[in-house]
Amino acid sequence: MAIDDSILTLTVLMLCIIIFCFRTYRKTRNALRTFFMFLWVIAIYFVTSCCIFPIQFTNTGVHMQSFKSQFSMMSFEQLQTYFLDYFLFRISYFASFLVLAFVACVLFETQRKIINACILLICIMSVHLVYNVGLNLLIDEVVKSINAEDFLIMLLGFISGWICAKITIWVCPSLGIMVLKKRGD
């Protein structure tokens, strides 16, 4: 059993998103903000479903080697190949965190400060770690192995998205202002 990604779940998700976007538009009368809120909700769903809670409730039988022993056996070229293959395998982590950081930075002025963005990232990674380690301990099986590489990919995606958003706002400062405008502004 894993995260439910059936047609009914996705239909309910889309209905919730449509209602959320409709309410946002009615409140702000800002189509650009509504579009970014749509992206924000989708990003939250994908970060939650792809990165935080993707669990299989079966005993995988996988017992991970320690990080040091796993990589001390590899040459530099093998290590590069391993990380590239792993990155391509976990591209959903990178993309989810990139979109999450980009949209958060554009939508919310507080997320434009690096300290606030780092706090958000640390909180998300802490939830991921505590939830999955706690679940592994409660079930007494390896439900989902926690890899240091996952955190590296999440970090790279988040930082890339934040930097892209900062560059976008620097190049087009009116975008940041237009997204923040409400009905009476």
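**Note on a predicted all-helix model**

1. Met154 is found in helix α7. This is a predicted model, and Met154 is a convenient place to begin reading it. Its relative accessible area is 0%, so Met154 counts as buried. Val47 lies 107 residues away from Met154 in sequence, yet their C-alpha atoms are 9.7 Å apart in space. Met154 is also one of the α7 residues that make the contact with α6, a pairing taken up in point 5.

2. Overall content of the chain. The protein chain has eight helices and zero strands, so from the N terminus on its elements read α-α-α-α-α-α-α-α. Of its 185 residues, 34% count as buried. Taking contacts between residues at least 6 apart in sequence, 81% join residues at least 24 apart.

3. Helix α7 on its own. This helix covers residues 148-171, 24 residues in total. From first C-alpha to last, α7 reaches 35 Å, which is close to the 34 Å expected at 1.5 Å a residue. Its buried residues are Glu149, Asp150, Phe151, Ile153, Met154, Gly157, Phe158, Gly161, Trp162, Ala165 and Ile169. The list includes the acidic pair Glu149 and Asp150, and both of these residues reappear in the contact with α4.

4. Packing of α4 against α7. Two packed helices are described by the angle between their axes and the distance between the axes. For helix α4 (residues 76-89) and α7, the axes come within 11 Å and cross at roughly 70°. Angles of 65 to 115 degrees count as roughly perpendicular, which makes α4 roughly perpendicular to α7. The crossing of α4 and α7 is right-handed. On the α4 side the contact involves Tyr82, Phe83, Tyr86 and Phe87; on the α7 side it involves Glu149, Asp150, Leu152 and Ile153.

5. Packing of α6 against α7. The axes of helix α6 (residues 114-139) and α7 also come within 11 Å, here crossing at roughly 155°. Because angles over 145 degrees count as roughly antiparallel, α6 is roughly antiparallel to α7. This crossing is right-handed. Ile114, Ala117, Leu120, Leu121, Met125, His128 and Leu129 of α6 make the contact with Phe151, Met154, Leu155, Phe158 and Trp162 of α7. Among these α7 residues, Phe151, Met154, Phe158 and Trp162 are buried.

6. Ile169. Which residues does Ile169 touch, not counting residues up to four places away in sequence? They are Cys105, Val106 and Arg112. Ile169 lies in helix α7 and has a relative accessibility of 15%; the cut-off for buried is under 20%, so Ile169 counts as buried. The C-alpha atoms of Ile169 and Cys105 are separated by 9.0 Å, with their positions 64 residues apart along the chain.

7. Helix α1. This helix runs over residues 7-28 and has 22 residues. It reaches 31 Å from its first C-alpha to its last, close to the 32 Å expected at 1.5 Å a residue. Leu13, Ile17, Cys21, Thr24 and Thr28 are its buried residues. They cover an arc of only 65° around the axis, which puts them on the same side of α1. On the other side of α1, the exposed residues are Ile7, Leu8, Ile18, Ile19, Phe22 and Arg23. A reader checking the model may want to note that Ile7, Leu8, Ile18, Ile19 and Phe22 are among those exposed positions.

8. Thr24. This residue is found in helix α1. With a relative accessible area of 10%, Thr24 is buried. Not counting residues up to four places away in sequence, Thr24 touches Arg29, Thr34 and Met37. Arg29, one of these partners, is the subject of the last point.

9. Arg29. Where is Arg29 found? It sits in the loop between α1 and α2 (31-52), just after α1. Most residues other than glycine have a negative phi. Phi of Arg29, however, is near 55°, a positive value in a residue other than glycine. Is Arg29 buried, partly exposed or exposed? At 48% relative accessibility it counts as partly exposed, since the cut-off for exposed is over 50%.

Methods: Residues are numbered from 1 along each chain as its sequence is written. This is a predicted model: local features need pLDDT of at least 70, side-chain atom pairs count only at pLDDT 80 or more; totals for chains, interfaces and linings use all residues. Side-chain values use heavy atoms; hydrogens and water are left out. Helices (H or I, at least four residues) and strands (E, at least two) are DSSP runs, numbered from the N terminus. The expected span of a helix is 1.5 Å times one less than its number of residues. Buried means under 20% relative accessible area, exposed over 50%, partly exposed in between (1.4 Å probe, protein chains only). The arc is that of the directions from the helix axis to the C-beta atoms. Axes are lines fitted to C-alpha atoms, for helices over the stretch in contact, and angles run from 0 to 180 degrees between N-to-C directions. Angles under 35 degrees count as roughly parallel, over 145 as roughly antiparallel, 65 to 115 as roughly perpendicular and the rest as oblique. A crossing is left-handed if the near helix is turned anticlockwise from the far one by less than a right angle, and right-handed if clockwise. Contact means heavy atoms within 4.5 Å.
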